[in-house]
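Here is a friendly walk through a few local features of this protein. Please keep the viewer open as you read.

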Amino acid sequence: MTGMVVKSTGSWYIVRDEAGTLHRARLRGKFKLQNKATTNPLAVGDRVQFEAEIGGEDTVAITHIEQRDNYILRKSVHKTAQGHIIAANIGQALLVASLVLPRTSFGFIDRFLVSAESFRIPTYIAFNKVDLLDTDDRAYLDDVMKMYESAGYKCLPTSTVTGENIDTLHEILHHKKTLLSGHSGVGKSSLINQIGNGLDLRTQEISTFANKGVHTTTFAEMFEFEPDSFVIDTPGIKELGIMDIENEELAHFFPEMRAMLGQCRFYNCTHVHEPNCAVSAAVKAGQISLTRYESYLSILSGDDNRK
């Protein structure tokens, strides 16, 4: 039988077969030894083949993992030399961010976008909780959205309190398999609860301690909120370490820089100190956002601008 992994708890998985039936599954031991580059051999969204376990308590064994179209990877929290696959075979991604309670850093947003770009995963950005913004904050948000839209990313101001752009968000997610990501507390589950009637994903109040979000999602899980429309709810990500991207490739994953490839004096230009660099000139001319360029430099040098 064939199916798709819709939930991962580390050792057990839930697989949805082609008829929509859910099966409690485990992975054959051989797969755990095949790829030591990642901490998890199987991720939500993976397409698998499985068979009933003899003598098992209504469980199945995963016998084959099909080749992935794409995936989102982050550095493992505990094993920094390894990666952790957040989800696989994604149609698009929705990054939920917020300017308040908690504030999402541009460094985090840009790292996520680079990861998505590296596998050509279309990404939308929802700036949530706009009901908490005053007039000046809203003007600042407009500038932030213009910065990302000029780089090619569709942005939406959203609110589960006022319902702003909830219908538009529903249209974006319709008939897609969407990875939903962002810091804990930005309102991912609340947004999906409004879009998917009856899902009732668990939400929790924001901790006032250091304005940090309280983790409400423990494991990645995929939900079908309407026929052929799926969202993958992920644990709130505190940080996103870039992996498997060489320094000379990094500019390829900033769309506004990619558009200028071949215009620099040197073919291997790092866009840092070289003369006649088209990217540096575009930054000075205001054609490329200084904030985005600083994120590029931060990733390139291994510094951390995710705070």
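## Backbone turns worth a look

Asparagine 89 has a relative accessibility of 5%, so this residue counts as buried. This is a predicted model, and in it asparagine 89 sits in the loop between strand S7 (83–88) and S8. Its phi is near 55°, a positive value in a residue other than glycine.

Arginine 120 also has a phi near 55°, again positive and again not in a glycine. You will find arginine 120 in the loop between H2 and strand S9 (123–128). With 76% relative accessibility, arginine 120 counts as exposed.

## A cis peptide bond

Going from leucine 101 to proline 102, the peptide bond is cis, with omega near -5°. Proline 102 belongs to the loop between strand S8 (92–98) and helix H2 (106–118). For background, most peptide bonds are trans, and most residues other than glycine have a negative phi.

## Cysteine 155

If you have cysteine chemistry in mind, where is cysteine 155? It is part of strand S10 (residues 154–157), and its 4% relative accessibility is why it counts as buried. Leaving out residues up to four places away in sequence, cysteine 155 touches Ile125, Phe127, Met145, Tyr148 and Glu149. Valine 96 is 59 residues from cysteine 155 in sequence, with 10.0 Å between their C-alpha atoms.

## Two packed helices

Helices H4 (residues 166–173) and H5 (residues 188–195) pack at about 85°, their axes 10 Å apart. The two are therefore roughly perpendicular. H4 contributes Ile166, Leu169, His170 and Leu173 to the contact, and H5 contributes Leu191, Ile192, Gln194 and Ile195. Of these residues, 6 are nonpolar, 2 are polar and none is charged.

Note on methods
Residues are numbered from 1 along each chain as its sequence is written. This is a predicted model: local features need pLDDT of at least 70, side-chain atom pairs count only at pLDDT 80 or more; totals for chains, interfaces and linings use all residues. Side-chain values use heavy atoms; hydrogens and water are left out. Axes are lines fitted to C-alpha atoms, for helices over the stretch in contact, and angles run from 0 to 180 degrees between N-to-C directions. Angles under 35 degrees count as roughly parallel, over 145 as roughly antiparallel, 65 to 115 as roughly perpendicular and the rest as oblique. Contact means heavy atoms within 4.5 Å. Ala, Val, Leu, Ile, Met, Phe, Trp, Tyr, Cys and Pro count as nonpolar, Asp, Glu, Lys and Arg as charged, and the others, Gly among them, as polar. Buried means under 20% relative accessible area, exposed over 50%, partly exposed in between (1.4 Å probe, protein chains only).
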